[in-house]
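Please open the model in your viewer and follow the selections below in order. Each stop names what to select and then describes what is found there.

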Amino acid sequence: MKISKKRAFKNIILYALPIVICFLVFGLIDHKLFSTSYFFATLMIFVFSLYSIVIVFREIDQNRINSLNHFFGLIMLFSFAIIFLFGMVFNFLGSEQAYLEVRGNTFNSNLINSVYFSGATFLTIGYGDIVPKGGFVFISILEGILGNII
């Protein structure tokens, strides 16, 4: 089945835009260039991640996957969305009972380390430089299982 140029462009915008926005907001937060509150910016990343997951399931449900490129585009979109989503969970839910430990030093609400740990867990790399403690152990196991399924 041949896909039109208009549909291909729409797919690129539909799939890439939410992830590009997540990376852009993430970079602005990291360099402290975001003028709004930290909570609003991370909430925006969370919402765009959820939106990306909805796009993936809608495309699958409507049986619109018509090429291998389309399929791999959806897999990449889903993977990035899950990594950002779990990164936000690790970032927001950090407390004394559940936290990430960096080589013996505990940190709270560090967005970069949370997303980095989420990516290493989802891809089942497991460098060991950041270790989940408390309730984050179970969330990390869930993310690792999702990464293996994909």
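Begin with helices α3 and α4, the latter spanning residues 111–122. In this predicted model, the two helices pack with their axes 8 Å apart and at an angle of about 130°. That angle lies outside the ranges for roughly parallel, antiparallel and perpendicular pairs, and α3 and α4 are therefore classed as oblique to each other. The crossing of α3 and α4 is right-handed.

Keep α3 displayed and add α2; the two elements cover residues 68–92 and 38–61, respectively. Next, select Phe57, Ile60, Ile65, Leu68, Phe71 and Phe72, and switch on the surface: these residues make a nonpolar patch of about 580 Å². Both α2 and α3 supply at least two residues of the patch, and α3 gives the most, with three.

Within this selection, centre the view on Phe72, which lies in helix α3. Is Phe72 buried or exposed? Its relative accessible area is 46%, and because the partly exposed class runs between 20% and 50%, Phe72 is counted as partly exposed.

For the last stop, select Lys133 and Glu101, which form a salt bridge whose closest N and O atoms are 3.9 Å apart. The pair links distant parts of the chain, 32 residues apart: Lys133 belongs to strand β3 (residues 130–134) and Glu101 to strand β1 (residues 98–102). Lys133 is partly exposed, with a relative accessible area of 28%. A search of the whole structure finds one salt bridge.

Methods. Residues numbered from 1 in each chain as written. Predicted model: local features only at pLDDT ≥ 70, side-chain atom pairs only at ≥ 80, totals over all residues. Heavy atoms only, no water. Patch = residues over 30% accessible without salt bridge, like charges linked within 9 Å, V, L, I, M, F, W, Y side chains within 5 Å. Areas by Shrake-Rupley, 256 points an atom, 1.4 Å probe, with all protein chains shown as cover. Salt bridge = Lys/Arg side-chain N within 4 Å of Asp/Glu carboxyl O. Helix = DSSP H or I, 4+ residues; strand = E, 2+ residues; numbered from the N terminus. Buried < 20%, exposed > 50% of the residue type's maximum accessible area, 1.4 Å probe, protein only. Axes fitted to C-alpha atoms, helices over the stretch in contact; angles between N-to-C directions. Parallel < 35°, antiparallel > 145°, perpendicular 65-115°, else oblique. Left-handed = near helix turned anticlockwise from the far one by under 90°.
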